[in-house]
Amino acid sequence: MASEDGRKTTYCFLDEKQKIEISESALNSPIQGEMLPEEKIANAYKEQLDELYSSLLSSILEQHFSFFERLIVDLLIKMGYGYDSDSGMAVGGPHDGGIDGIISEDKLGLDLIYLQAKRYKESQKVGSKDLQAFVGAMKSVQKGVFITTSSYTKGAIRYVEEQQQKNLKIIDGKLLAELMVKYEIGVKSQQLFHIFKLDTSYFE
């Protein structure tokens, strides 16, 4: 719908999980005074999310490494991997063999997902050697997820893209924080807003 000044009006809605759908123009409107109320809310919501993502990663870095290992297991279970809520376990430690968590996708443990967690600061990227070591530690297991609080080097990303031996997925800090919010790991939904628009059809 277009307004009288030619600008396109968009609306955003929050559901019970506090998700939001916003247009790109709503996020990039240059002048605060010229924004529509909907655009101001969209910008405020994005700013709040960015702050929350940063806080989540900072909080993880402040915890013991074993906390992060438990977190990634909880996250994968919440995402729907595993046959029930008890089908994952953190196994990291001094002699973990390069595996920090295991998700069993069936009760007999015939189909496993191995997890590797690297609690790195933003400046410390995961390289291809880390991924190669993880693939070696997987042995006969075919599925693996490598999760870090930082990011991956170009060489590491290329290694995953070219990987043919294993079904390997990587999650960086940005995606980790987004998934934690989406699946409500370490966060709580506090307030719900509904945004309404005029139903012109009612007045016709």
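**Exercise 1.** Over which residues does pLDDT stay under 50, and how many contacts beyond four places in sequence does the model have for them?

*Solution.* Start with the ground rules: this is a predicted model, where local features need pLDDT of at least 70, side-chain atom pairs count only at pLDDT 80 or more, and totals for chains, interfaces and linings use all residues. Residues are numbered from 1 along each chain as its sequence is written, and side-chain values use heavy atoms, leaving out hydrogens and water.

Now scan pLDDT (the predictor's confidence in each residue, from 0 to 100). The stretch is residues 1-23, with 44 such contacts (contact means heavy atoms within 4.5 Å). Don't lean on those too hard: where pLDDT is low, the predicted coordinates should not be read in detail.

**Exercise 2.** Find which element has the lowest mean pLDDT and which the highest.

*Solution.* Elements are DSSP runs numbered from the N terminus: helices are H or I, at least four residues, and strands are E, at least two. Helix H1 (residues 24-27) sits lowest at 51, and S4 tops out at 98. The chain averages 86, with 82% of the residues at 70 or above.

**Exercise 3.** Work out the strand order of the sheet.

*Solution.* Strands pair if DSSP finds at least two bridges between them. Following the pairs gives S1-S2-S3-S4-S5, an open sheet with mixed pairing. Its edges are S1 (88-90) and S5 (167-171), each pairing on one side only. Zooming in, S3 (residues 112-118) and S4 (residues 143-148) run parallel over 6 bridges, and Lys118 stands opposite Thr148 in S4.
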